[in-house]
Amino acid sequence: MNILLISGSMNPDSRSRILVQAAEKALQGMGVKTRLIDLKDTPLPLCDGGAAYDDPRVDELSVLIKNADAILVGVAVYNYDANAALKNLLELTGSAWEDQVVGFLCAAGGPSSYMSVMGFANSLMLDFRCLILPRFIYAVGSDFSENAITNPEIQKRIQRVAEDAKQLALFRSEQ
Ligand SMILES: Cc1cc2nc3c(=O)[nH]c(=O)nc-3n(C[C@H](O)[C@H](O)[C@H](O)COP(=O)(O)O)c2cc1C
């Protein structure tokens, strides 16, 4: 079992990255092998529907995405959507996501954008037949202090999301 975590925020002080790191720790505590890709440290070309697909980093990421048993994505909520770097990753790697199990760990400024990951999720579901974990993380500034999660409910929920990812990945591998 190998679960890929993708941190999508470009912000060096990202809160979704803290969620991703906590999920990685939870998975490792359950004996799951993990790999964490931070898009901040993985410069990618902007998808142009053409030459950008030839970038070797796109190939490398596509292989990691395709070969993972499940993927947890750290999302920075921007303009009621997943942040552009993540959308760009999906545009670049498209079919590598086919039939994947995908969960979300979202950081947002306030509670009103709770449904904002649905555009990204819809593409994964409808374009690439992904199984989306129905339980996801949606954390706001008050759930953190400095670079730590201070809301125990968020911490507990991360554990549940990690367990759900493992369960659904196992279920999928048995089909
Ligand atoms: C360009 C931009 C757009 C944003 N749009 C929203 C939004 O629509 N809804 C919201 O709740 N927060 C919004 N925020 C706040 C971010 O979601 C918040 O700062 C979050 O922590 C970003 O994730 P990160 O810390 O992992 O980078 C926005 C922030 C920026 C910079």
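Phe-120 counts as buried in this predicted model, at 3% relative accessibility, where buried means under 20% relative accessible area, exposed means over 50%, and partly exposed covers the values in between, computed with a 1.4 Å probe on protein chains only. The residue lies in helix α4; helices (H or I, at least four residues) and strands (E, at least two) are DSSP runs numbered from the N terminus. Leaving aside neighbours within four places in sequence, Phe-120 is in contact with Asp-81, Ala-82, Leu-86, Lys-87, Leu-90 and Phe-104, contact being defined as heavy atoms within 4.5 Å. Phe-120 and Ala-107, which are 13 residues apart in sequence, are separated by 15 Å in space, C-alpha to C-alpha.

Because the model is predicted, local features need pLDDT of at least 70 and side-chain atom pairs count only at pLDDT 80 or more, whereas totals for chains, interfaces and linings use all residues. Residues are numbered from 1 along each chain as its sequence is written, and side-chain values use heavy atoms, with hydrogens and water left out.

In soluble globular proteins, nonpolar side chains tend to be buried together. A nonpolar core is taken here as a set of buried Ala, Val, Leu, Ile, Met, Phe, Trp, Tyr and Cys residues joined through side-chain atoms within 4.5 Å. The largest such core has 32 residues, and those with the most contacts inside it are Ile-6, Leu-86, Trp-97, Phe-104 and Leu-124. At least two residues of this core are supplied by each of β1 (2-7), α2 (56-67), β3 (70-76), α3 (84-93), β4 (101-107) and α4 (118-128). When neighbours within four places in sequence are left aside, Trp-97 is in contact with Ile-6, Ile-65, Ile-71, Val-73, Leu-89, Leu-90, Val-102, Leu-124, Phe-128 and Cys-130. Apart from the largest core lies another, of 27 residues, which includes Ile-18, Ala-107, Ala-162 and Ala-169.

The structure holds zero disulfides, a disulfide being a pair of cysteine sulfur atoms within 2.5 Å. For Cys-47 the closest cysteine sulfur is that of Cys-130, and the two sulfurs cannot be bonded because the 17 Å between them is too far for a bond. Cys-106 is likewise in no disulfide, the nearest cysteine sulfur, again that of Cys-130, being 15 Å away. With regard to exposure, Cys-47 is partly exposed at a relative accessible area of 23%, while Cys-106 counts as buried at 1%.

The ligand has 16 residues around it, of which Ser-9, Ser-14, Ser-16, Val-77 and Ser-113 come nearest; a residue is near a molecule or strand if one of its heavy atoms lies within 4 Å of it. Several polar contacts to the ligand were computed, a polar contact being a pair of N or O atoms within 3.5 Å; within protein, one atom must be able to donate a hydrogen and the other to accept it, and residues adjacent in sequence count only if both atoms are side-chain atoms. An oxygen atom of the ligand is placed 2.6 Å from a side-chain N or O atom of Ser-14, and an oxygen atom of the ligand is 2.5 Å from a side-chain N or O atom of Ser-16. A nitrogen atom of the ligand is 3.0 Å from a polar backbone atom of Gly-109. Taken alone, the ligand exposes 620 Å², of which the protein buries 68%; accessible areas come from the Shrake-Rupley method with a 1.4 Å probe, and for residues only the protein chains shown count as cover.

Thr-42 lies in the loop between β2 (33-38) and α2, and is buried with a relative accessible area of 18%. A polar atom of the Thr-42 side chain lies 2.8 Å from the backbone oxygen of Asp-38, and, not counting residues up to four places away in sequence, Thr-42 touches Ile-37 and Leu-61. Pro-45 is also found in the loop between β2 and α2, but is partly exposed, with a relative accessible area of 22%. With the same exclusion of residues up to four places away in sequence, Pro-45 touches Ala-52, Asp-55, Arg-57, Val-58, Asn-88 and Leu-92. The C-alpha atoms of Pro-45 and Leu-92 are separated by 8.6 Å, although the two residues are 47 apart along the chain.
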